Amino acid sequence: MAEVMIIDDNQAVLEVLGNLLRNEGYTVSTAADGAEALAYLRKNGAPSLILLDLMMPVMNGWQFRAEQLKDPALRSVPTVILSSIFNLESEARVLQADGYIPKTFAFEEILGMVRNYC
């Protein structure tokens with residue numbers, strides 16, 4: 001089954017989205033910041049999709065995405081930005097993201113995006 005990695009510093013988001021996706025049959029991995037995510041990915045390999053928050057401590061989403069795009073093993077992994085920032089659409093374009101979803105999302109919106117890539 002496809003693996004989705006959720007990178008977000010909000011524990012509630014990790015739990016709720018993780019449970020939602022597991023209930024739909026996906027394998028889910030999580031990380032609380034970009035540095036933790038990179039360490040996991042470099043050890044365990046690339047998932048089918050990354051759901052990426054931007055505003056995080058230690059290594060934020062912008063920094064993570066820059067590192068991801070430099071890494072040949074990770075740069076082609078579809079990445080969808082999940083954030084509550086004001087100019088989300090334009091930031092997603094700048095980050096060369098495959099999609100974006102505002103954090104006021106409905107579960108159906110998340111599932112639709114995941115099904116699109118997994």
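**Note on the predicted model: Ser29 and the S4–S5 region**

1. Ser29 lies in strand S2, which spans residues 27-31. The structure is a predicted model, and within the protein chain S2 is the element of highest confidence, with a mean pLDDT of 97.

2. The relative accessible area of Ser29 is 5%, so this residue is buried; the cut-off for that term is under 20%.

3. The surroundings of Ser29 deserve attention. Leaving aside residues up to four places away in sequence, Ser29 touches Glu3, Val4, Met5, Ile6 and Tyr40. With one of these, Glu3, the side chain of Ser29 forms a polar contact of 2.7 Å.

4. A second region to consider is the pairing of strands S4 (residues 79-83) and S5, which run in the parallel sense and are joined over four bridges. Val80 has Gly99 of S5 as its bridge partner. Between S4 and S5 the chain passes through helix H4 (residues 88-94), and this β-α-β crossover is right-handed.

5. Strand S5 covers residues 99-102, and its side chains alternate between two faces. Gly99 and Ile101 point to one face and are buried, whereas Tyr100 and Pro102 point to the other and are not buried. Gly99, the partner of Val80, is thus placed on the buried face of S5.

6. On confidence, the protein chain has an average pLDDT of 91, and 98% of the residues score at least 70. Helix H5 (residues 107-117) has the lowest confidence in the protein chain, at a mean of 80. As a general caution, predicted coordinates should not be read in detail where pLDDT is low.

Definitions and conventions: Residues numbered from 1 in each chain as written. Heavy atoms only, no water. Buried < 20%, exposed > 50% of the residue type's maximum accessible area, 1.4 Å probe, protein only. Polar contact = N/O pair within 3.5 Å; in protein donor to acceptor, adjacent residues only side chain to side chain. Contact = heavy atoms within 4.5 Å. Pairing = 2+ DSSP bridges. Right-handed = clockwise from strand over helix to strand, strands pointing away. pLDDT = per-residue confidence, 0-100.
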